[in-house]
Amino acid sequence: MTSTIVAPLEAGELPDVAAIRGWRLDQILLVTTGSLLVLVVGLLAFVATMSSKAQFEDTSERFKARIQDQARELGQTLSHTLALTSATSLRDNNYAFLGEVARSIISDNPNILRVRMYDAEGLLVADSDVEAKLGESTDRKPERHWASALYQGKPIIEYQEPIDYGAQSGKGVVLISYSLDALQKTLNELEGTRAEALRRNTVTMAGLGVGFVLLAGVLVAFQSRRITRPLGALTGKVMQLAAGDLTARAEEARGAGREVVTLGAVFNHMAERIKVLLEDVRTKAQLERDVSLARTVQETLLPGREGLQVGPLRVAGLVVTADACGGDWWMRAALDEQRVVVGIGDVTGHGLATALVATSATSGFAAAMTMRPPSEINAQLLISSLNITLAHVGRGEHQMSSALAVIDVQTGVIDYASGGHPSPLVFNRQTRQVASLPARGLLLGASVSSQYTSRQAQLRPGDIVVWYTDGLTESRDASQKQYGTQRMAAAIQAHAHLSAEALRDAILADARAYSAGLPAQDDITVVVAEFSPASP
């Protein structure tokens with residue numbers, strides 16, 4: 001049997017999934033993974049290419065250095081040999097023979113471009129160049145060294161070797177100009193070989209990289225589809241569930257990964273739990289309606305914000321609940337033209353049941369005032385009747401603190417009783433003194449046999465009586481320090497010149513300011529009675 005509900009959470013129409021734009025998850029996985037692979041392969045190829053290039057360049061430099069060393073050794077050896085063999089001819093002034101030797105060296109070794117010989121006076125005596133002018137002088141010093149130079153626009157290495165032929169004026173010099181063409185040709189060939197090797201290596205790396213990327217792309221596409229296909233199916237099941245089909249269940253996604261399988265299992269568990277949650281929602285909605293009704297009834301039974309004026313006595317109070325429904329209540333009513341009854345109570349606990357008990361107490365208090373003629377009503381009778389009512393209503397599970405008073409507005413006599421409730425404070429505007437009306441008694445509702453007594457006191461002109469629940473004095477600031485009766489007394493003294501309604505509001509505002517915006521932990525009730533008879 002299909003279980004379907006319409007708009008289960010009243011969330012409106014389902015979203016148009018088809019209108020959602022963007023890449024699919026498998027496309028994102030493919031593109032991101034492919035881009036990462038291309039980047040990694042490209043970096044590896046670049047590193048390999050640069051490594052190969054560096055290796056080839058190092059090899060080329062070592063080869064170039066070796067060729068240059070060989071050429072230098074050959075030139076130095078040749079110049080040294082020529083200097084030894086030419087010493088005799090130079091001593092004998094056989095310059096023609098030395099010229100033939102120089103030209104024969106040129107003809108036998110193509111890498112040697114020119115050979116010159118100078119005597120001790122620095123005059124040119126032999127040259128392989130037939131167009132050279134013999135007898136030219138030079139300032140070369142007769143010492144062994146070599147240097148790079150140019151000959152006929154070509155780079156050469158010029159080797160110089162002294163000739164010791166016994167002349168008194170010093171030594172002669174032999175100069176051999178060794179061509180670097182062969183070395184440069186060899187280096188060019190090496191550079192070509194290196195470039196070709198780099199090209200082949202680059203092509204090979206590129207081919208391997210492309211093949212690896214293609215293979216990896218196929219694997220990524222396969223795996224991404226393997227993962228996203230069950231996710232797509234799960235999305236469809238979610239849409240069914242969102243549409244109200246509570247029979248939607250996800251199939252086990254084999255091979256899609258533990259997370260996807262777990263997601264499907266959690267979805268199925270969630271679908272099973274939604275029925276229970278919806279029942280909880282319905283129950284909560286019904287409870288909220290009940291609470292709202294209870295609050296309406298409670299507000300109907302409680303007095304309004306406006307004060308009650310009976311002769312010289314004006315009474316004003318207010319209940320500030322911490323929850324939707326409160327456990328505090330208060331009542332004021334005129335028994336006759338001379339006496340006024342004031343009552344306040346605080347049922348233990350919070351919630352709907354507490355609010356219902358408080359409402360019953362309010363009704364019971366109002367009923368107790370009609371049990372006997374007004375002249376027979378006193379505080380002891382009222383609190384005893386209220387205890388019996390609460391004991392029957394609460395059945396011992398709910399108790400209440402309460403303070404009741406019957407005030408004679410002509411004489412100023414106040415008859416009061418209490419059951420576990422804070423004593424009201426009395427402030428006189430003329431003396432600026434604060435007192436209290438203490439009374440003892442057990443919490444109401446514990447037992448129908450509980451006994452209560454009342455006490456009397458005389459109100460003076462200008463007296464202000466303030467009843468309150470412990471939610472006021474137990475209000476806490478950010479450091480968890482309580483508001484306390486002393487601060488409340490100070491607030492009464494500071495605002496005693498105000499009317500009963502304004503003084504009530506000032507006390508509540510001072511408590512709120514003390515709590516610095518922290519949420520209230522308990523209901524707060526304040527009742528102010530202002531006794532102001534006319535001066536005789």
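The questions below ask what lies behind the names given to parts of this predicted model.

Residues are numbered from 1 along each chain as its sequence is written. In this predicted model local features need pLDDT of at least 70 and side-chain atom pairs count only at pLDDT 80 or more, while totals for chains, interfaces and linings use all residues, and side-chain values use heavy atoms, with hydrogens and water left out.

Q: What makes Asp127 and Arg114 a salt bridge?
A: The term requires a side-chain nitrogen of Lys or Arg within 4 Å of a carboxyl oxygen of Asp or Glu. In this pair the closest N and O atoms are 2.7 Å apart, so the definition is met. Asp127 is in strand 2 (residues 124-127) and Arg114 in strand 1 (residues 112-118), so the pair links distant parts of the chain, 13 residues apart. Strands here are DSSP runs of E with at least two residues, helices are runs of H or I with at least four, and both are numbered from the N terminus. The whole structure holds twelve salt bridges.

Q: Why is the pair of Tyr159 and Tyr178 called edge-to-face?
A: Rings of Phe, Tyr and Trp (its six-membered ring) pair if their centres lie within 6.5 Å; planes under 30 degrees apart count as stacked, over 60 as edge-to-face and the rest as tilted. Here the centres are 6.4 Å apart and the planes stand at 80°, so the pair is edge-to-face. Tyr159 lies in strand 4 (residues 154-163) and Tyr178 in strand 5 (residues 172-179), so the pair ties together parts 19 residues apart in sequence. The structure holds three aromatic pairs.

Q: How do you know that strand 8 and strand 9 pair?
A: Two strands pair if DSSP finds at least two bridges between them. Strand 8 and strand 9 (residues 339-347) have seven bridges in the antiparallel sense, so they pair. Trp330 stands opposite Ile344 in strand 9.

Q: What makes strand 8 and strand 14 edge strands?
A: Strand 8 (328-334) and strand 14 (455-458) each pair on one side only. They belong to an open sheet of five strands, with the order 8-9-10-11-14 and antiparallel pairing.

Q: Which strands does helix 5 lie across, and at what angle to strand 8 does helix 5 run?
A: Helix 5 (residues 352-368) lies across strand 8, strand 9 and strand 10 (400-408), running at about 15° to strand 8. Contact means heavy atoms within 4.5 Å. Axes are lines fitted to C-alpha atoms, for helices over the stretch in contact, and angles run from 0 to 180 degrees between N-to-C directions. Helix 6 (residues 379-394) also packs on the sheet, touching strand 8, strand 9, strand 10 and strand 11 (413-419), and its direction makes about 150° with that of strand 10.

Q: How do you know that strand 6 and strand 7 pair?
A: Strand 6 and strand 7 (residues 313-320) have three bridges in the antiparallel sense, so the requirement of at least two is met. An open sheet of six strands has the order 6-7-16-15-12-13. Its edge strands are strand 6 (308-310) and strand 13 (434-436).
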